[in-house]
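Visitor: Please take a close look at one part of this model and describe how its pieces are arranged. State the cut-offs as you go.

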Amino acid sequence: MIAEPIVYVSESALERLRVSAAHSHPLETGGILIGVTAGDSPWVTEVRTFDSPGRGPAQFILPRGVTQRAVRDARRADARLGYIGDWHSHPADVPASRTDLLTTRTTSLAMRRSVLLLVARHRGTTYALDMSMARGTRIVPCRMIPTGDLPLPAHQTDTTS
């Protein structure tokens, strides 16, 4: 049996994601996952949330062009960062839909690399988080490990003391 892939996720990104989902409830919201690769594992360091004119209680469509702009902005602050997947909320306690999985698989195939999908499911007073990874045509569940934030790049740290 193959072990679940590990995905590191900064606690601050998890908090921003849950807050965005709660503020949008009972409508879906979503955006992209930005981060780096730590060894062989993705590390989600930021989440970006976007308004979607067509969103509803069971629909969120990522607006055209926002991913590239958000990644460009993130890289201005830290050149190590890049797109690693998408996220969205479900106002009900339901997992990723067939459409969610198909979209993630299509993105992975188009990019020729693994892509993450995080679904925040409304459960009680909070959101349960499901992470999956598309590797070509396969989608596998992932184990999330909460982390601190990504340290600043060496050129941005203060070395004067």
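**Strand β4 and its sheet**

Guide: In this predicted model, H88 has V119 of β5 as its bridge partner. The two strands involved are β4 (residues 82-90) and β5 (residues 115-123); they run parallel and are joined by 6 bridges. Strands here are DSSP runs of E with at least two residues, helices are runs of H or I with at least four, and both are numbered from the N terminus. Two strands pair if DSSP finds at least two bridges between them.

β4 and β5 belong to an open sheet of 8 strands with mixed pairing, in the order β7-β6-β5-β4-β2-β3-β1-β8. At its edges lie β7 (138-141) and β8 (143-147), each paired on one side only. On average, neighbouring strands of the sheet are turned by 30° against each other, direction ignored (axes are lines fitted to C-alpha atoms, for helices over the stretch in contact; angles run from 0 to 180 degrees between N-to-C directions).

Two helices that pack on the sheet also touch β4. Helix α2 (residues 66-77) touches β2 (30-38), β3 (41-50) and β4, and its direction makes about 115° with that of β3; contact means heavy atoms within 4.5 Å. Helix α3 (residues 98-111) touches β4, β5, β6 (126-135) and β7, with its direction at about 160° to that of β5.

Residues are numbered from 1 along each chain as its sequence is written, and side-chain values use heavy atoms, without hydrogens or water. Local features need pLDDT of at least 70 and side-chain atom pairs count only at pLDDT 80 or more, while totals for chains, interfaces and linings use all residues.
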